[in-house]
Amino acid sequence: HYKDMWQFKQLGLNTVRTAHYPQDDALLDACDELGILVYEEAPTWIAISQDEKWHENYDRSNRTMIRNHRNHPSVVIWGAGINHRGYVPDAVLACKQEDPTRLTASQSSRWTGWQTSGLTDLFANMMYGPGIWDRSEPLLAMEGRSGPQVVAEYKRDPLLTGIISWTAHAYYTFHPNNNPADRTRSGLMTVFREPRPSTLWYPSELTTAPFLHINGSWQPGTGSLEVYSNTEEVELLANGRSIGKQRPSDDRRFDGLDHPPFLFLIDEFEPGTLEARGLTGGRVLVSQTIHTPGKPERLKLVMDTAARSFTADGADILVGHAYVVDRNGTTITDSTATIRFSTTGPATVIGDDADIGANPIASPNGTAPVLIRAGTEPGEVTITATADGLQPASFTIATIPRNDDIIAATAAPIYDHESVSVDLGAPDQLVQFGWTSWNAQDARESRKSFPAFGGFEAILKPASADGRLHWLGEMNVIGKYGFVYGEGVIATGPQGLVLEFPRLPKGSYKLKTWHHAPSSNTDSMDPNREKLAQQDIPKLPFAGTLDIAVTDAGKNATLTTPVTAGKEMQFEPVATATLTFTSDGTRPVRIRFSDPDSKHGVWLNGFILSQWHAPE
């Protein structure tokens, strides 16, 4: 799965619509890592039933799919219909119940349903032929044709949001087939993941690194050639002599493309070597050389090891291809050779001697695929390809040990920390979202007990003998958690405010505190208007910066934090400070908040105290 998505990325493809069966987590993991958008279809296809149990099963399967994969950021669209038949209202509802954040789409059927978005968020359709589209909304071709002409159509029309070509890979089929040796159909790539020649146009349009590919061969009868490149110009040289330089095709069917194909007419074929050079600013950035095919001489064996390992788990499969080539390494596309594969070491050839045409295997177009399955013991594996009258080819790779201990290999500890959130203020605030109120009147000290961590007590007091606590009620500060920093306590006195935990249970803790000087956002309709007209606490001068000193069982630590002020904090962050400390269960933990100038009041609006495990 990872290798499939990695190959997509190399080709420049950025979206995958999944097939109609449950997808392995590995596919979504790969898309997350590589940056590929996913349109995931519910596990159903065309055949349906009017039996309610069928629809119940569909609903359950759909919800299971979303619960399995909704935490994957690569997923952007949930399929909410039945292929070829259109959207299903119950499926749309299920998608939105399970995940209201993602878009929904379905085949807006050309055969059996409305051709609009309908109940889904997006208008998506299978675009192979005529359809109804009044351009009142954007269209996503969730299935359709491929190639530069199709992509050009979608890139030049801002209402055509994208084209997902059917299909990425060829697949085995029971449809009628004129070639009994190949029971596959469709695909930008073969069933063995080898790109079709025209598929190699995509990197020229969709990737940024210099790219060039000659789509064709150099042999008698060649009257034209297509070259795919993202350079400004391409020059062809036959045996070192320039036979033409072109800019990308200006054919109007390619309007919208950044890099249309380069089309060359060959006036006179000259056997030998053909080189294509891609130039930008007159400088050669990339080139490719091909040769006129000669006589078949040897085999070339290529095993697809890029971006993957080969694991000795008894199941891992390595894909390879053997090519019939001449002395220059040019593939002989009219080969009739029969190729046999063998292995030494802990691996086997899939289909070996099974009489299914897998091994030995014919080489139509001069190439033959092979699948190698790893054994259960790691070791060196050599794959060899042989054919009558041709030099054999071999490839050696070492399988790596299987790691059965997935927990030890990938898991990290999870700590379910207990926490208490405390809002400080006078008793007229609406406290929400699991916060606990600590309300008091102006005084020198206030105490409160909490049930968290098995029970503990907290004390708020001035840090100096001549200090005082002033408790403020609701001030209607707008913003997230406005009820926390829309009131609080301000301590006056030269040494600030102390928050003390006399006998906090033994352990490590994290403390997050809020420091904001609130001012009223109350209007004439607010019932607090009369009360707030008499409030003078917000007029007290306050420190714009606080020093925080922590004394716990093992250390003394200090940090500094700013103090925010105002009545509308929905667009600006409110000042907070976060610190960690340790309690030995006996000695008090003391946190002092003070003005560095020892002149102004110190604000504390609330705090969250939680158990803490320091990251390893």
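Me: Helices are DSSP runs of H or I with at least four residues, numbered from the N terminus. With that in hand, in which helix is Asn57 found?
Reply: A quick heads-up: this is a predicted model. Helix 3 takes in residues 52-69. Asn57 is found in helix 3.

Me: Is Asn57 buried, exposed or partly exposed?
Reply: Buried means under 20% relative accessible area and exposed means over 50%, with partly exposed in between. Asn57 comes out at 40%, so the label for Asn57 is partly exposed.

Me: How far apart in space are Asn57 and Ala517, C-alpha to C-alpha?
Reply: Along the sequence, Asn57 and Ala517 are 460 residues apart. In space, going from C-alpha to C-alpha, the gap between Asn57 and Ala517 is 56 Å.

Me: What about Thr44, buried or exposed?
Reply: Thr44 lies in the loop between strand 2 (37-40) and helix 3. Leaving out residues up to four places away in sequence, Thr44 touches His20, Trp54, Tyr58, Gly81 and Ile82. Its relative accessible area is 9%, so Thr44 is buried.

Me: How much space lies in the largest cavity?
Reply: Rolling a probe the size of a water molecule over the atoms shows where empty space is left. The structure holds 1 cavity of 30 Å³ or more. The space in the largest cavity is about 60 Å³.

Me: How many residues in the lining of the largest cavity are polar?
Reply: Thr44 is part of that lining, along with residues including Arg17, His20, Glu41, Gly81, Asn83 and Met142. The lining also has 3 nonpolar and 2 charged residues. The number of polar residues in the lining is 6.

Me: How many residues are in the largest nonpolar core?
Reply: In soluble globular proteins, nonpolar side chains tend to be buried together. Among the residues with the most contacts inside the largest core are Trp438, Phe456, Leu460 and Phe581. The number of residues in that largest nonpolar core is 36.

Me: And how many residues does the second, separate core have?
Reply: Tyr58, Met65, Ile66 and Val151 are included in this second core. The number of residues in the second core is 35.

Me: Which valines is Phe581 in contact with, leaving aside neighbours within four places in sequence?
Reply: Phe581 is one of the residues with the most contacts inside the largest core. With those sequence neighbours left aside, Phe581 is in contact with residues including Phe501, Leu504, Tyr509, Ile591 and Leu609. The valines on the contact list of Phe581 are Val550 and Val589.

Me: Which elements do the buried residues of helix 1 pack against?
Reply: Helix 1 runs over residues 2-11, and its buried residues include Met5, Phe8 and Leu11. Just after helix 1, Gly12 takes a positive phi of about 95°. The packing partners of the buried residues in helix 1 are strand 1 (15-17), helix 2 (25-34) and helix 6 (202-206).

Me: Which residues of strand 19 point to the face that is buried?
Reply: Side chains alternate along strand 19 (residues 298-303). Arg298, Lys300 and Val302 point to one face and are not buried. The buried ones, pointing to the other face, are Leu299, Leu301 and Met303.

Me: What is the bridge partner of Lys300 in strand 21?
Reply: Strand 19 pairs with strand 21 (residues 317-325) in the antiparallel sense, over 6 bridges. Within strand 21, the bridge partner of Lys300 is Tyr323.

Me: What is omega near for the cis peptide bond from Trp166 to Thr167?
Reply: Most residues other than glycine have a negative phi, and most peptide bonds are trans. Thr167 is found in the loop between strand 9 (160-165) and strand 10 (171-172). The peptide bond from Trp166 to Thr167 is cis, with omega near -5°.

Me: Is Phe453 buried or exposed?
Reply: Phe453 lies in the loop between strand 31 (446-450) and strand 32 (456-462). Phi of Phe453 is positive, near 60°. The relative accessible area of Phe453 is 8%, so Phe453 is buried.

Note on methods
Residues numbered from 1 in each chain as written. Predicted model: local features only at pLDDT ≥ 70, side-chain atom pairs only at ≥ 80, totals over all residues. Heavy atoms only, no water. Core = buried A, V, L, I, M, F, W, Y, C linked by side-chain atoms within 4.5 Å. Buried < 20%, exposed > 50% of the residue type's maximum accessible area, 1.4 Å probe, protein only. Contact = heavy atoms within 4.5 Å. 1 Å grid on protein atoms, 1.4 Å probe; cavity = no way out; pocket = protein on both sides within 12 Å on 5 of 7 lines; lining within 4 Å. Points joined across faces, edges and corners; volume = space filled by probe spheres on them. Nonpolar A, V, L, I, M, F, W, Y, C, P; charged D, E, K, R; others polar. Helix = DSSP H or I, 4+ residues; strand = E, 2+ residues; numbered from the N terminus. Pairing = 2+ DSSP bridges.
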